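Here are my notes for you, written as a short tour. Keep the structure open beside them and look up each residue as you read.

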Amino acid sequence: MPLPADDTSLDALTIGKRIRQLRQSRGMTLEDLGTAIGRAASQVSVLENGKREPRLSDLQTVARALGATLDDLLSAEPPSRRAQLEIALERIQRGPLYSSLGLPPLPVRKSLSDEAIETVLGLHAELERLHRERAATPEEARRANTELRDQMRRQNNYFPELESTARGLLAAVGHTGGPLSQRLASELAAHLGFTLHYVTDLPASTRSVSDLRHKRIYLPVDKKGADPRGSLLRALAGHVLGAEEPNDYREFLLQRVETNYLAAALMVPEAGAVEFLAEAKANRELSVEDLRDAFAVTYETAAHRFTNLATHHLGIPLHFLKVHQSGTISKAYENDDAKFPHDVLGAVEGQVVCRFWSARQVFDIADRFSPYHQYTDKPNGTYWCTSSIQSTTQGDFSVSVGTPFAHVKWFRGRDTANRKNSGCPDPACCRQPPAPLASKWSEQSFPSPRLQSSLLAAVPVDTFTGVDHTEVYEFLETHAPAS
Ligand SMILES: [Zn+2]
């Protein structure tokens, strides 16, 4: 077990241990040493227990009394493995975390086995890690997110009421099937009583702003690479669902899931999509790109809709992953036991996926326009995935849909020769550098880390939605029609 990094540094504890070891090896008692240096035995004990920072002059006297050199006492090397463990145990008991637990002190006695000390140190290290992790993201948000994903999994990511709401809205504007045109999307807004206003100064913390007083929806002008219908339909979906300012993270996250779901269900209506997918399945030609092209949506929207419909209507279990070029998960869903990396509270977002998964391999492929397919042998079975890259202002993301081997037969791209082996979560798979490289470079390199912007910006301070209300109200004032 690794000990804390500063454990070999020179400190009172280490020096004390060394004095005790030298004294005992000379067969001296505390009194003997005390007499030799002109101090009380109790003061020697204080010194040996590292309870006081020793002065150099004291150390010279002690070294002389022990027939040793100052170097013997000051050597940075801790005396022995056992002494190292005892020092670490002593040190954590003096730290703030241990004292916050209100436990009685654990005296370091000979009868205390090395294993027992190692276990205490291991538990302490894990507690420290949990504290650090919890400080990074509000626990409430992470729990809410995990619960929500469990709920989505239970209903196979299929929400019948939202499908029915989408059906009703589309019928109201006379949509008869196929892609939802920009014109029909605008008519849907009119049907709901809204006028649309495209602006260049939309507050940065928003995707759209609705003025309920004047029944206006403000939308950004031509956001690079984004489907212009997306923001509009999400704004309309929010109104249809009666979304109010959420009271907590759970409501906030559920609203976001439902709003995105309804917007996607408007762009890729259930009836037409299921007909399209059922035929593709019958021909063993299922493909997310075909769904994308048939309904003129982004790859991500097509993949999202595919996960809504494929299990409920086609009986195919699957997983969905959106992964940033850095390897971290930005969105994830599974009902096929794909075993995403997760933290102690079950949260998946922000975790790094295996280097050998399709979601990361696709970044190394030169051809960014064709879909990438791959078989991956994982500890719990073989999966097949199809991945595609989309570029955004926040960088490149891969969007992947995958299924267990038994269901690959329905998909186009099943004949791919790409095959990788993934041992994750075993750290030896891809988290630890290969041993020959590590032994060559670990002592001979110092990478200067780039601070990830999300590390400090992830959590909004005032409101958990991150919306800047001052900015929004000022924006509405500026744009409101003269009354
Ligand atoms: Zn791996």
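How many cavities of 30 Å³ or more does the structure hold? Keep that question in mind for the third point.

1. Start with the kind of model and its layout. This is a predicted model, and its domain assignment gives domain 1 (12-135), domain 2 (149-267) and domain 3 (306-445). To get a feel for the scale, compare the C-alpha centres of domain 1 and domain 3, which lie 48 Å apart.

2. Next, find the open sheet made of three strands. Its strands come in the order 1-3-2, with mixed pairing. Strand 1 (195-199) and strand 2 (209-211) stand at the edges and have a single partner strand each, so one side of each is left without a neighbour in the sheet. From one strand to the next, the twist averages 25°. Strand 2 and strand 3 (residues 216-220) run antiparallel and are joined by three bridges. If you want one pair to look up, take V209, whose bridge partner in strand 3 is Y218.

3. Now back to the opening question. The answer is two: the structure holds two cavities of 30 Å³ or more. The largest cavity contains about 40 Å³ of space. Its lining is formed by V362, I365, D367, R368, S370, S387, S388 and I389. Sorted by class, that lining has three nonpolar, three polar and two charged residues.

4. The second largest cavity deserves its own visit. Its volume is about 30 Å³, and the residues around it are H319, L321, W357, S358, A359, K378, C385 and S400. Which elements give two or more residues to this lining? They are strand 4 (319-324) and helix 17 (358-361). By class, the lining of the second largest cavity has four nonpolar, three polar and one charged residues.

5. Strand 4 is a good place to go next, because H319 and L321 have just appeared in the lining of the second largest cavity and the strand that supplies residues there includes 319-324. Strand 4 and strand 5 (residues 329-334) pair in the antiparallel sense, with five bridges between them. Opposite H319 in strand 5 stands E334. Four residues lie between the two strands in their hairpin, where G327 takes a positive phi near 100°.

6. Strand 4 also pairs with strand 8, again in the antiparallel sense, over six bridges. Here you can look for H324, which stands opposite F397 in strand 8. Is strand 8 (residues 395-404) mostly covered or mostly open? It is mostly covered, with 10 of its 10 residues buried. One of the residues lining the second largest cavity, S400, falls within the range of strand 8, residues 395-404.

7. Finally, turn to strand 7 (residues 381-392), which pairs with strand 8 in the antiparallel sense over 10 bridges. A hairpin through two residues joins strand 7 to strand 8. For a pair to check by eye, try S391, which has D396 as its bridge partner in strand 8. The range of strand 7, residues 381-392, also takes in S387, S388 and I389, which are among the residues lining the largest cavity.

Note on methods: Residues are numbered from 1 along each chain as its sequence is written. This is a predicted model: local features need pLDDT of at least 70, side-chain atom pairs count only at pLDDT 80 or more; totals for chains, interfaces and linings use all residues. Side-chain values use heavy atoms; hydrogens and water are left out. On a 1 Å grid over the protein atoms alone, a cavity is a set of points where a 1.4 Å probe fits but cannot get out, and a pocket is an open set with protein on both sides within 12 Å along at least five of seven lines; lining residues have an atom within 4 Å of a point. Grid points are joined across faces, edges and corners, and a volume is the space filled by probe spheres set on the points. Ala, Val, Leu, Ile, Met, Phe, Trp, Tyr, Cys and Pro count as nonpolar, Asp, Glu, Lys and Arg as charged, and the others, Gly among them, as polar. Domain bounds come from an automatic or database domain assignment. Buried means under 20% relative accessible area, exposed over 50%, partly exposed in between (1.4 Å probe, protein chains only). Two strands pair if DSSP finds at least two bridges between them. Axes are lines fitted to C-alpha atoms, for helices over the stretch in contact, and angles run from 0 to 180 degrees between N-to-C directions.
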